[in-house]
Amino acid sequence: MLSFDFGDKNSYTDFGILISKRPSIPSAKRRVDFYNIPGRSGTLKYDENTYEDITITLECSLRSTDLLSEIDKIKYWLFSSAESELIFSFQKDKKYIAQVVNSIDIKQVYKYLGYFPIIFSCHPFKYHSDDNILIPYASPFTFKNTGTLPSEPIITIYGSGLIKLKVNDEVIELHDVDGIIELDSELMECYSPTELRNGSMYGEFPLFRTGDNKISWEGTVSNIYIKPNFRSL
């Protein structure tokens, strides 16, 4: 029995939806531009080191005594969830960041049975669904990126004053910390719970390379919480 979680609900337990067959999940296409240069053999390649979104299509079935009423509830769930985490029952340790992009039209086969497709547009990567790290009060601390690509973490630091955070060989200075400050490497933003703090950060937003990573710090720090966003293609 195949199902999926999306928008904090499960397709089967909340709506009776089953995936009719295991979907084909493509790998993301690398974004590379090719240029023809007059007088030069071959092409000049510019690799942006980025990837295109992927599309996942689910063939779904629904059994209900009132198909039309149920499909209205399903449409509301899928569309109101906007961009949310998508987790399949056959791969519960991975998640996609996805959004429904097709209209939901049910094909009634029998009186109480209908079929319909759901098409998700997803970010290029699959993320580990449970990868939060609470760093013990010890510096330095080493951990492993278990994904196959460098990851863009969210690092939450509890402390005060001037904090120097070192991730592998990169040093980030955080000035005038007053309680909580966060570094979001995907959005490339530094903020506190109430305001942007980009002007308080000096250095590059950290990446976690594949394999072992070391993090250390100087200054008044009571705790560090990391959402590492380990990912693979």
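Long-range contacts dominate the picture here: of the contacts in the chain with a separation of 6 or more, 67% are between residues 24 or more positions apart. The model is a predicted one, and its secondary structure comes down to two helices and 19 strands. With a radius of gyration of 22 Å, against the 17 Å that the globule rule gives for 233 residues, the chain is more spread out than a compact globule. The C-alpha trace spans about 70 × 60 × 30 Å along its principal axes.

As for burial, 40% of the 233 residues are buried. The exposed surface of the chain comes to about 13200 Å², and carbon and sulfur atoms supply 49% of that area. On the charge side, the chain carries 25 positive and 32 negative charges, and the mean positions of these two sets lie 9 Å apart.

Strand β7 is a handy place to start with the strands. Running from residue 84 to residue 88, β7 is mostly covered, with four of its five residues buried. Strand β7 pairs with β1, made of residues 4–6, in an antiparallel arrangement held by three bridges. Within that pairing, Asp-5 sits opposite Ile-87 of β7. Strand β7 also pairs with β8 (residues 91–100), again antiparallel, and here the bridges number four. Glu-85 has Ile-97 of β8 as its bridge partner. The link between β7 and β8 is a hairpin, with two residues making the connection.

Another hairpin turns up a little further along, where β9 and β10 are separated by two residues. Strand β9 covers residues 107–110 and β10 covers residues 113–122; the two run antiparallel and share three bridges. One of the paired positions is Gln-108, whose bridge partner in β10 is Gly-114.

Next comes the stretch around β15, where a couple of backbone angles stand out. Most residues other than glycine have a negative phi. Asn-168 goes the other way, with a positive phi near 55°. This residue belongs to the loop that leads from β14 (154–167) to β15. Asn-168 has a relative accessible area of 12%, so it falls in the buried class, which takes in values under 20%. Glu-170, by contrast, is in strand β15 itself, which covers residues 170–184. With a relative accessible area of 45%, Glu-170 is partly exposed. Glu-170 and Lys-126 are 44 residues apart along the chain, and 26 Å separates their C-alpha atoms.

On the other side of β15, Met-188 is also a residue other than glycine with a positive phi, about 55°. Met-188 is located in the loop between β15 and β16. Its relative accessibility is 52%, so Met-188 counts as exposed, the cut-off for that class being over 50%. The two positive-phi residues thus come out with opposite labels: Asn-168 is buried, whereas Met-188 is exposed.

Met-188 also shows up in the surroundings of Phe-205, a residue of the loop between β17 and β18 (211–227). At 19% relative accessibility Phe-205 still counts as buried, because the class takes in anything under 20%. Neighbours within four places in sequence aside, Phe-205 is in contact with Asp-184, Ser-185, Met-188, Glu-189, Cys-190 and Asn-198. For one of these partners, Cys-190, the C-alpha to C-alpha distance to Phe-205 is 8.9 Å, and the two residues are 15 apart in sequence.

Ser-200 is found in the loop that joins β16 (189–191) to β17 (201–202). With a relative accessibility of 11%, Ser-200 is buried. Not counting residues up to four places away in sequence, Ser-200 touches Glu-173, Leu-174 and His-175. Those partners fall within the residue range of β15 (170–184), so the contacts of this loop residue reach back to that strand.

Notes
Residues are numbered from 1 along each chain as its sequence is written. This is a predicted model: local features need pLDDT of at least 70, side-chain atom pairs count only at pLDDT 80 or more; totals for chains, interfaces and linings use all residues. Side-chain values use heavy atoms; hydrogens and water are left out. The radius of gyration is taken over C-alpha atoms; the globule rule is 2.2 Å times the number of residues to the power 0.38. Buried means under 20% relative accessible area, exposed over 50%, partly exposed in between (1.4 Å probe, protein chains only). Contact means heavy atoms within 4.5 Å. Accessible areas come from the Shrake-Rupley method with a 1.4 Å probe; for residues, only the protein chains shown count as cover. Lys and Arg count as positive and Asp and Glu as negative; His and the chain ends are not counted. The place of a charge is taken as NZ of Lys, CZ of Arg, CG of Asp or CD of Glu. Two strands pair if DSSP finds at least two bridges between them.
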